[in-house]
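Here is a short tour of a predicted model, written with a computational chemist in mind. Please keep the sequence and the structure open as you read.

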Amino acid sequence: MLTENQKKQIADFVKTFKEKVVKYSQLKSELDETEKNIQHRKSELSEVAREERQMESAMEVLYGQAKERSKAREIEVEISALEEMSQTHRDEMVHLKTDLLELMRNLPIPADLENGKQHNSETSFPYFEGAELGDEAIEVILTLFRQEPPLAFSDVTILSDRVVVKNASERLEAIQKLVEAIRSFRMRADNMSKSYEKIDELVERLTRSKLYTSVLRVLAERGKLSAHDMAHVLNVDPRKVYDNCYNLTRNNWSPNPIKKTHSGEWELTLAGEILINRVLEKHTDAKAGSIGEESR
Amino acid sequence: MHLREIELKCKELDSIKARLELKNAELQRLGIEAKKKKEDDQILKIMAKIRGEEYKGEYELKELEEVKEEIEASQDSSAKLEKEILEGLKKLTLDVPQGVPQIDSENKATLVFEGDPCNKAVQFIASILNSDIPMKLDNVLLHPDRAVVKNVQKPIEVANALQVFLDNISRLGRVALKENDPDVEEAVKYLHESRYRDIWEAIGGKRTVSNQDLYSQLNLQTQKERKKIRNFFTNLEIALKNRFPFIRLQKGAYELNFFGTLVWKRYKDEYLKKEELMEEEKAPLEEPAKKDREEKPKKASLNNFLDNNKIRETIYGRKVK
């Protein structure tokens with residue numbers, strides 16, 4: 001059970017995060033507005049420039065001297081100022097994005113675990129009072145994660161006022177799923193902010209077994225596969241592949257890098273995608289070597 | 001060994017532990033004194049040299065060494081006594097009243113022990129399981145002064161439940177002594193070699209489980225796939241008979257019984273941790289002494305799947321203290 005002080009710390013952390021979220025959203029809408037303005041002024045410029053060019057030719061023919069393109073110049077100056085403003089917004093947004101991702105790496109998910117409500121196989125944990133994330137925060141997190149709504153990690157959906165865990169018959173199981181989902185959330189934030197310490201710990205563990213790496217690589221390359229098909233591609237014993245896949249879905253791998261689909265095949269989870277990309281990034285030799293060779 | 005004898009040994013163990021605490025405090029005090037003496041000694045040595053005299057040091061650690069020896073001796077007696085208690089649990093007997101047990105209107109039988117309550121003994125047994133008092137094993141509640149058997153209708157059920165309870169306490173003693181229990185071993189082997197291994201591991205030591213949970217956890221969609229779950233429970237009961245690791249709560253819902261908890265713990269140690277080690281075979285080897293030191297203090301609950309600190313750290317982040 002959390003103390004009042006701990007709940008306050010959580011609420012304060014969420015508040016700081018939300019303040020940055022508001023700034024980010026404001027900047028984004030200002031940037032959108034500026035971009036729209038630039039587009040508008042650019043199309044105006046081409047129209048004005050065309051008119052002034054015609055006028056220039058006419059003046060030259062009639063009076064032997066060209067008229068200055070004053071209006072077009074004005075618009076050009078205006079566009080350049082707007083572009084400068086847009087660049088400033090972009091720079092500020094990059095900084096804010098870095099700050100937000102850094103906060104997200106440790107963002108408390110303010111779920112009140114003591115007051116979870118269970119209905120059938122769905123458990124809903126409300127947020128602590130005053131620590132609700134709110135719609136804007138969820139929207140910004142989705143933008144930063146480049147993810148389509150909802151903000152879901154497997155059976156867990158993080159909403160503005162609560163988290164909902166599906167397919168868990170007991171509170172403890174729901175908490176276990178929530179922990180797994182939040183580990184994926186943080187892993188994603190780590191990856192987006194290029195903070196690789198924790199990811200590299202898992203990568204290191206993963207690369208101790210060649211078959212683990214091969215399984216993840218083949219799933220990354222070919223999508224969903226059965227253990228039998230993977231064994232065929234990797235040229236190893238199907239039972240060995242099954243055991244390895246099975247190990248990767250156990251609790252000692254959290255978040256799990258792979259999962260079993262409804263059709264009984266295996267596929268990468270978000271964590272698995274992050275891990276295999278990092279493996280390939282770090283171990284270039286893994287990229288070069290053939291899968292079959294590696295597993296033998 | 002009788003619960004009352006265990007009570008006496010536990011009391012003795014407590015007094016040794018209290019003595020140990022005092023000795024440790026004394027050791028700390030003497031350590032600080034010795035450090036100060038050593039510093040003074042060095043200064044006096046230099047001063048003597050300055051005066052051109054020979055310095056005969058008075059600094060000695062005799063008292064400190066004596067306390068260290070006493071601590072070591074107490075630690076040995078404490079370990080010996082603890083071992084005796086655990087050996088005693090392997091053949092525990094209870095002072096239950098003679099005659100046929102009576103069952104009350106709430107379908108429970110209360111068997112009050114003769115003599116004084118055995119607070120320390122029950123506390124000791126409960127501590128192995130990180131359990132509160134009364135300690136609950138399946139349908140038996142162990143209080144310091146009585147045993148209560150719940151959900152029974154006939155006296156024979158009471159007798160059987162108490163017998164199973166004592167068998168389980170005996171197994172608990174073996175587990176704590178790191179000995180193997182033949183029944184547990186057999187069940188573990190059967191489960192690992194059976195075609196239902198993935199179902200058993202999916203249950204993963206959870207206290208209650210239903211067919212529906214397993215369908216969704218293992219993504220079983222068709223009737224044919226789902227039949228495997230039902231077969232698992234049926235065949236397991238046929239194969240393991242009275243060592244079936246579950247209690248059937250209602251149709252399609254089960255609870256892992258105490259025997260099942262021991263089986264799961266042993267299964268994890270025997271197979272899952274081994275596989276984890278194999279997986280990390282290239283990891284640098286730890287020095288054995290350090291590894292032993294780290295393994296000893298483990299006294300976690302048998303079903304400690306998620307540690308509260310880990311949950312809090314993950315959900316609320318590391319910055320919330």
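## Charges, helices and a sheet

B:E66 sits in helix α2 of chain B, which covers residues 62-90. Helices here are DSSP runs of H or I with at least four residues, strands are runs of E with at least two, and both are numbered from the N terminus. Before going on, a word on conventions: this is a predicted model, in which local features need pLDDT of at least 70 and side-chain atom pairs count only at pLDDT 80 or more, while totals for chains, interfaces and linings use all residues. Residues are numbered from 1 along each chain as its sequence is written, chains are lettered from A and ligands numbered from 1 in the order in which they are written, and side-chain values use heavy atoms, with hydrogens and water left out.

How exposed is B:E66? Its relative accessibility is 39%, so B:E66 counts as partly exposed; buried means under 20% relative accessible area, exposed means over 50%, and partly exposed lies in between (1.4 Å probe, protein chains only). B:E66 also belongs to a negative surface patch, together with B:E63, B:E65, B:E69, B:E72 and B:D76. Such patches take residues with over 30% relative accessible area and no salt bridge, and join like charges within 9 Å. Asp and Glu count as negative, and the charge is placed at CG of Asp or CD of Glu. The areas themselves come from the Shrake-Rupley method.

Next come the paired charges. Side chains of opposite charge can pair when their charged atoms come close. With a salt bridge defined as a side-chain nitrogen of Lys or Arg within 4 Å of a carboxyl oxygen of Asp or Glu, the count comes to 49 over all chains. The table shows three examples.

| Salt bridge | N to O distance |
|---|---|
| A:E281 and A:R278 | 2.8 Å |
| B:R29 and B:E33 | 2.9 Å |
| B:R171 and B:D183 | 2.8 Å |

Where do A:E281 and A:R278 lie? Both are in helix α9 of chain A (residues 270-282), three residues apart, or about one turn of the helix. A:R278 is buried at 11% relative accessible area, whereas A:E281 is partly exposed at 47%.

B:R29 and B:E33 also share a helix, α1 of chain B (residues 3-50), and are four residues apart, again about one turn. B:R29 is partly exposed, with a relative accessible area of 42%, and B:E33 is partly exposed, with 41%.

B:R171 and B:D183 form a salt bridge too. B:R171 lies in helix α4 (residues 155-176) and B:D183 in helix α5 (residues 182-193) of chain B, so this pair ties together parts that are twelve residues apart in sequence. B:R171 is buried at 8%, while B:D183 is partly exposed at 25%. Both take part in a network of salt bridges that also links B:R174, B:D181, B:E186 and B:R243.

Now for the sheet in chain A. Its five strands form an open, antiparallel sheet in the order β1-β2-β5-β4-β3. The edge strands, each pairing on one side only, are β1 (117-119) and β3 (152-153). Two strands pair if DSSP finds at least two bridges between them; β3(A) and β4(A) (residues 156-158) have two, in the antiparallel sense. A:A152 has A:T157 in β4(A) as its bridge partner.

Finally, A:E114 is in the loop between α2 (70-106) and β1 of chain A. A:E114 is partly exposed at 46% relative accessible area. Its C-alpha atom is 7.4 Å from that of A:M1, although the two residues are 113 residues apart along the chain.

How values were computed: Patch = residues over 30% accessible without salt bridge, like charges linked within 9 Å, V, L, I, M, F, W, Y side chains within 5 Å. Areas by Shrake-Rupley, 256 points an atom, 1.4 Å probe, with all protein chains shown as cover.
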